[in-house]
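Biologist: Please show me how to read a few features of this model, step by step.

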Amino acid sequence: MKKVLMGNHAASWGARLSKVKMIAAYPITPQTHIVEELSEMCGDGSLDAKFLKVESEHSAMASVISSQSTGVRSFTATSANGLALMHELLHWAAGARLPIVMVNVNRALAPGWNIWVDQGDSLSQRDTGWVQLYVEDNQEVLDSVIQGYRIAEQVNLPVMICYDAFILSHTYEPVDIPDQDLVDKWLPGYQPEHYLNPEKPSAFNGLVMPDNYMEIRYKLHMAHERAKSVTNEVGQSFGETFGRYYGAVEAVECDDAEMVIAISSSATSPARLVIRELRDKGMKIGLLKMRMFRPFPTEEVRAVLKGKSKAVVIDRNCSWGKGGIFADEIKGAISNQEDMPAIYSYITGLGGRSITPDLIHEIVTEVESGEPPAELSVWKGLKQ
Amino acid sequence: MSEIKTIVYKTVDEVPEFVVSEATMLWNKTGSWRYLRPGYLNKIPPCNQGCPAGNDVEGFIALIGEKKYADAWRLLKEENPFPAVCGRVCYHPCETACNRGQFDHSIGINSLERFASDHAPVGETPQKVKPESGKKVAIVGSGPAGLTAAYHLARMGHETTVYEADEEPGGLMRYGIPEYRLPNSVLDTEIDAIRSLGVKIECNTRIGNDLSWEDLQSFDAIFVAVGVHKNNKLGIENEEIKGVFSGLELLGNITRGKEMVLGDHTVIIGGGNSAIDSARCALRQGSRVTLFYHRSRNEMPAFAEEIYEAEREGLKVHFLRQPVKILAEGGKVSGIRMRQTMLGEPDESGRRRPEPVPGTEFDVQASTIVTAIGESADLDFLPEAVKTEYRRISVNKFTQTSSLSVYAGGDAALEEHNVAEAIGSGKMAACAIDAQLRNSELTESQIIGKTGAVSVSRYLKHGNAHAESPDSNHVVEFKELNINYFEPQARNKAQKLDMNDRMKGFREINLAYPEDMALKEADRCFHCGICTMCDNCYVFCPDVAISRKPKEEWGYDIAMDYCKGCGICVYECPRSAMFMEEEK
């Protein structure tokens with residue numbers, strides 16, 4: 001069934017099709033429609049889930065941690081300052097190995113107050129132990145929520161689906177809503193290994209002394225390592241069932257490319273347009289869509305970039321005092337490797353400023369000119 | 001403790017993925033930490049204490065909520081033979097006591113009682129609760145007090161005879177309350193049920209006239225509930241003239257079907273319920289009606305709702321006006337001379353005393369004058385051994401008079417004159433007489449809460465109803481509720497008869513709740529102090545120490561091996577049906 005949905009309602013449909021049993025959320029622009037729609041689905045009975053109103057994002061995360069601990073598939077959604085308020089509990093959810101799926105609508109953090117797109121909110125949660133996927137369009141929002149549960153439940157890690165404020169959240173696109181029976185077959189009910197059960201009482205998440213803590217944390221890290229291949233397998237399997245294939249990264253026209261643009265989220269779409277235009281003009285240019293950020297798809301990035309001469313990384317984020325975060329991560333991934341491209345790091349589009357095809361053209365022209373990469377990330381689009 | 005085993009992980013592979021204990025924690029009997037112990041205890045809802053008739057108000061509302069309407073009616077009938085009457089005429093102090101009144105608006109208890117009585121199973125008659133005693137009891141007066149005493153005494157196995165001076169039983173329920181508030185057919189149904197228990201009602205028999213006090217001495221006990229029928233006089237000129245009636249005379253005549261010609265303008269003097277009822281009857285006879293009351297609206301003893309309805313029906317009320325003399329022309333009333341008053345210092349009743357303002361006299365044309373400034377009892381038939389004070393029979397709290405085996409209740413013995421108080425006193429008398437005749441015990445522990453009426457069901461359990469804990473007679477206050485669990489919801493108002501329809505005759509004004517409204521209203525009840533199995537304790541117990549009792553059983557079990565005594569269950573109980581006590 002095709003429907004014209006805003007990105008936020010695509011997320012709601014993803015949760016509905018995943019047959020979540022518990023939703024706890026606190027409203028924040030630009031996330032509000034997601035839970036608004038879910039509350040109506042719960043209200044009209046089309047979704048058989050408990051909808052818990054809470055007084056903060058901290059409580060929302062605490063609630064889904066609790067419900068997921070009882071072995072119930074749980075969902076929440078937030079954005080920006082709301083995500084920041086959850087911070088402590090994000091560590092808990094991952095450390096407790098709870099396969100929660102959360103949608104985060106990427107929005108700038110205040111001050112100054114700004115409700116528009118910026119990836120800084122979720123990227124600053126990168127070390128909490130959550131799997132992070134950055135998605136490009138409304139169809140991918142819906143598909144990724146469903147895939148999120150498959151990934152999460154296979155590796156026992158929480159998954160965060162991130163997409164851009166307003167550009168996706170409030171924008172309507174045609175979205176294919178898969179058949180519920182098909183989703184049920186592809187994503188069966190959640191069967192936890194451990195859960196709170198009065199019949200078999202256990203103590204959860206108690207004290208772990210130095211003699212075992214490192215091992216426990218090593219296992220968390222290893223679960224992330226597994227999550228890379230699981231994400232690729234899940235994306236492949238999803239494609240086989242639903243006809244839309246996904247992976248940790250997507251390489252477009254990269255095989256013979258000399259230059260590759262690495263980009264994420266909705267800005268991928270104008271970049272697709274740009275490389276098509278440049279290809280038409282005979283330029284050997286490719287696109288690396290960074291869908292997965294945590295775990296970082298090191299092997300995939302290396303495989304795509306090997307033998308290229310230049311890679312342009314466009315970041316809609318900044319690690320203050322360092323620079324573009326994706327650029328930095330990609331540099332880390334290719335260090336100590338032979339035959340890797342020079343990395344050109346650009347920061348642009350913060351706080352909702354548009355990343356237009358013209359802007360990407362401008363960046364490509366600049367990189368093509370032959371200058372070596374700047375020492376620091378280049379801020380593109382600043383007022384002159 | 002022997003179940004504790006130490007596991008040493010030697011390799012990284014052996015270390016589990018999850019931080020979860022390898023064994024159960026059942027060995028860890030955290031109950032040993034406890035120094036306070038929670039428990040379940042039903043207490044007294046304030047409505048139950050507030051009901052002068054001693055009804056289990058919360059209980060019948062709960063049954064309505066479960067759609068067990070006949071059971072709700074049966075529960076009411078355990079304490080009160082007149083739920084259909086009370087559901088119409090009671091001034092519902094239970095609603096004043098209702099804790100919900102401090103939250104949004106009290107429960108419509110009166111309308112729910114009416115609803116339950118409307119759903120009484122047709123033809124079902126009350127059952128006796130004790131075997132025949134072989135004792136005989138005489139009751140003087142068939143008003144609400146006398147008939148309630150007769151009902152309970154008959155159920156308790158005593159041969160009971162009621163003597164009534166009037167033609168038909170019911171007292172003021174029949175002759176004082178007009179049919180637009182209480183249809184006679186409703187009253188008759190409830191009186192017939194009392195007769196079905198074998199109660200003999202001898203009408204047209206006035207003690208001191210048709211029978212003497214001595215004639216009653218063959219009975220083992222006597223209950224005097226003769227009511228108040230002597231109209232207090234204004235003490236002004238022309239009071240005996242044609243066209244002047246007492247309120248009770250007017251109301252009684254209408255009930256008896258006597259033709260009343262009131263003329264174009266009826267003036268009512270007085271501010272009590274009789275005055276208002278007289279005014280509303282006069283309005284229904286087509287007369288213009290003006291009521292004068294010598295104090296202000298604040299001091300008016302009539303029920304506020306009745307005054308409001310009377311004014312809607314066209315009654316003109318003038319405050320701070322007192323009569324000076326009745327004006328006569330050709331041997332009958334032509335008007336009344338009034339004067340203004342002002343309020344002075346409070347009198348012994350606590351209300352400010354009206355004082356005449358000199359030089360403010362004015363005349364009002366009137367075709368009929370109705371005086372309704374209070375009634376008092378005619379107690380001339382009583383022997384001296386039965387002491388009276390200010391024309392009221394002196395009784396203790398168990399309705400005993402100064403004479404052995406003589407009990408008294410209703411308006412003739414009570415300060416408060418209303419149906420519910422009278423029912424309460426009749427019930428108390430029945431319990432006291434039964435206790436005397438059977439040599440059993442009637443104690444204050446059979447009183448509901450601190451100030452409530454006696455409970456027959458408690459009395460029948462021989463006072464053991466509260467053996468479990470004295471706290472179970474504790475009346476739950478608003479501050480003891482956890483109101484986080486309640487949401488504001490407007491009170492459901494029962495409809496009233498359309499104004500055009502009501503003035504054509506004596507059709508009943510207050511209409512019953514429709515079923516959906518009754519259910520909504522029952523749903524608003526907090527059930528103060530009574531466990532409804534809402535599961536809050538079960539849900540909140542952090543030690544999973546609380547479990548529901550096996551199916552079909554009411555309530556919860558607390559696994560004391562694991563309860564740490566944190567008190568969360570007690571705190572989260574919305575209705576104070578739990579308690580904490582020190583661990584012994």
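Modeller: Helices (H or I, at least four residues) and strands (E, at least two) are DSSP runs, numbered from the N terminus. The model is predicted, so local features need pLDDT of at least 70 and side-chain atom pairs pLDDT 80 or more, while totals for chains, interfaces and linings use all residues. Residues are numbered from 1 along each chain as its sequence is written, chains are lettered from A and ligands numbered from 1 in the order in which they are written, and side-chain values use heavy atoms, without hydrogens and water.

Biologist: What follows α9(A)?

Modeller: A:G243 does, and its phi is positive, near 85°.

Biologist: How far apart are the end C-alpha atoms of α9(A), and what span should its 33 residues have?

Modeller: The expected span is 1.5 Å times one less than the number of residues. For α9(A), residues 210–242, that is 48 Å, and the end C-alpha atoms are 46 Å apart, which agrees.

Biologist: Where is the kink in α9(A) centred?

Modeller: The bend at a residue is the angle between axes fitted to the seven residues ending there and the seven starting there. In α9(A) a kink of about 30° is centred on A:K228.

Biologist: Which way do the residues of strand β2 of chain A point?

Modeller: In a regular strand, side chains alternate between the two faces of the sheet. In β2(A), residues 22–25, A:M22 and A:A24 point one way and A:I23 and A:A25 the other. All of these are buried (under 20% relative accessible area; exposed is over 50%, partly exposed in between; 1.4 Å probe, protein chains only).

Biologist: Which residues stand opposite A:I23?

Modeller: Two strands pair if DSSP finds at least two bridges between them. β2(A) runs parallel to β3(A), residues 50–53, with four bridges, and A:I23 stands opposite A:F51 there. Two bridges join β2(A) to β4(A), residues 74–79, also parallel, and there A:I23 stands opposite A:F75.

Biologist: Which helix gives the most to the largest nonpolar core?

Modeller: Such a core is a set of buried Ala, Val, Leu, Ile, Met, Phe, Trp, Tyr and Cys residues joined through side-chain atoms within 4.5 Å. The largest has 72 residues, and B:F60 and B:F223 are among those touching the most other members. Helix α13 of chain B, residues 419–438, gives the most to this core, with 12 residues. Apart from it lies another core, of 54 residues, including A:V103 and A:F242.

Biologist: How many helices and strands are in chain B?

Modeller: Chain B has 18 helices and 22 strands. Of its 584 residues, 53% are buried.
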